[in-house]
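Work through the exercises below with the sequence and the model open side by side. Try each task before reading its solution.

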Amino acid sequence: MPVRVAFRRDEQGHSPQAEPWRGWYNLKRWKDLRLRVFERDLFTCQCGCARIECDTSDLVCDHIEPHRGDPALFWSEANLQTLTKACHDGWKQRLERQRRLAP
Ligand SMILES: [Zn+2]
């Protein structure tokens, strides 16, 4: 009989063990890539507000197309854009909520 492993789920119903990509955000490879994207975008928010944020802790390296665990999308520099934290938390979440609500 195969042993069944029960995954602990968080409040969103995600199972951290089943989503190894969550750990990718802690890798040096991601931190280097993230900095490269910020430099490429000249630390300027890509949402259209054109805000420049020199403090990288206030910048988000955002996946344009949600990677959903796909390493190719996750690590693609072309799929990444610089957003300020404020803009990311604002319009991006609004956008994703709209997308979820869309029929
Ligand atoms: Zn912005």
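In sequence, the donor residues of the zinc ion follow the spacing C-x1-C-x1-C-x37-C. The model is predicted.

**Exercise 1. The metal site**

Task: Identify the protein donors of the zinc ion and name their arrangement.

Solution:
- Step 1. Find the donors. They are Cys45 (SG), Cys47 (SG), Cys49 (SG) and Cys87 (SG).
- Step 2. Check the distances. These atoms lie 2.2 to 2.4 Å from the zinc ion. The cut-off for a donor here is 2.8 Å.
- Step 3. Read the angles. The four donor atoms subtend 108 to 111° around the zinc ion.
- Step 4. Compare with the ideal. For four tetrahedral donors the ideal angle is 109.5 degrees.
- Step 5. Conclude. The arrangement is tetrahedral because of those angles of 108 to 111°.

**Exercise 2. Cysteines and burial**

Task: Sort Cys45, Cys47, Cys54 and Cys87 into buried, partly exposed or exposed. Then state how many disulfides the structure holds.

Solution:
- Step 1. Set the limits. Buried means under 20% relative accessible area, and exposed means over 50%.
- Step 2. Take Cys45. Its relative accessible area is 3%, so Cys45 is buried.
- Step 3. Take Cys87. Its value is 8%, so Cys87 is buried.
- Step 4. Take Cys47. Its relative accessibility is 30%, so Cys47 counts as partly exposed.
- Step 5. Take Cys54. At 65%, Cys54 is exposed.
- Step 6. Count the disulfides. There are zero.

**Exercise 3. The nonpolar core**

Task: List the residues of the largest nonpolar core and say which element gives the most.

Solution:
- Step 1. Collect the 11 residues: Trp21, Trp24, Trp30, Leu33, Val37, Phe38, Leu59, Cys61, Phe74, Trp75 and Leu80.
- Step 2. Assign them to elements. At least two residues of this core come from each of α1 (21–24), α2 (28–40) and β1 (59–63).
- Step 3. Pick the main contributor. α2 gives the most, with four residues.
- Step 4. Zoom in on Phe38. Neighbours within four places in sequence aside, Phe38 contacts Phe43, Thr56, Leu59, Val60, Cys61 and Thr82.

**Exercise 4. Aromatic pairs**

Task: Classify the pairs Tyr25–Phe74 and Trp30–Trp75, and locate their partners.

Solution:
- Step 1. Start with the total. The structure holds eight aromatic pairs.
- Step 2. Take Tyr25 and Phe74. Their ring centres are 5.1 Å apart and their planes are at 70°, so this pair is edge-to-face.
- Step 3. Place them. Tyr25 is in the loop between α1 and α2, and Phe74 is in helix α3 (residues 71–74), so the pair ties together parts 49 residues apart in sequence.
- Step 4. Check burial. Tyr25 is partly exposed at 32%. Phe74 is buried at 0%.
- Step 5. Take Trp30 and Trp75. This pair is edge-to-face too, with 6.4 Å centre to centre and 65° between the planes.
- Step 6. Place them. Trp30 is in helix α2, and Trp75 is in the loop between α3 and β2 (80–84), 45 residues apart. Both are buried.
- Step 7. Put the pieces together. Trp21, Trp24, Tyr25, Trp30, Phe74 and Trp75 form one aromatic cluster.

**Exercise 5. An acidic residue**

Task: Is Asp41 buried or exposed, and what is it in contact with?

Solution:
- Step 1. Locate Asp41. It is found in the loop between α2 and β1.
- Step 2. Apply the limit. Asp41 has a relative accessible area of 11%, so Asp41 is buried.
- Step 3. List contacts. Beyond neighbours within four places in sequence, Asp41 touches Gln46, Gln81 and Thr82.

Technical notes
Residues numbered from 1 in each chain as written. Predicted model: local features only at pLDDT ≥ 70, side-chain atom pairs only at ≥ 80, totals over all residues. Heavy atoms only, no water. Donors = N, O, S within 2.8 Å, 3.2 Å for Na, K, Ca; no water. Tetrahedral: all angles 85-135°; square planar, octahedral: opposite > 155°, others 65-115°. Buried < 20%, exposed > 50% of the residue type's maximum accessible area, 1.4 Å probe, protein only. Core = buried A, V, L, I, M, F, W, Y, C linked by side-chain atoms within 4.5 Å. Contact = heavy atoms within 4.5 Å. Disulfide = S-S within 2.5 Å. Phe/Tyr/Trp six-rings, centres within 6.5 Å; stacked < 30°, edge-to-face > 60°.
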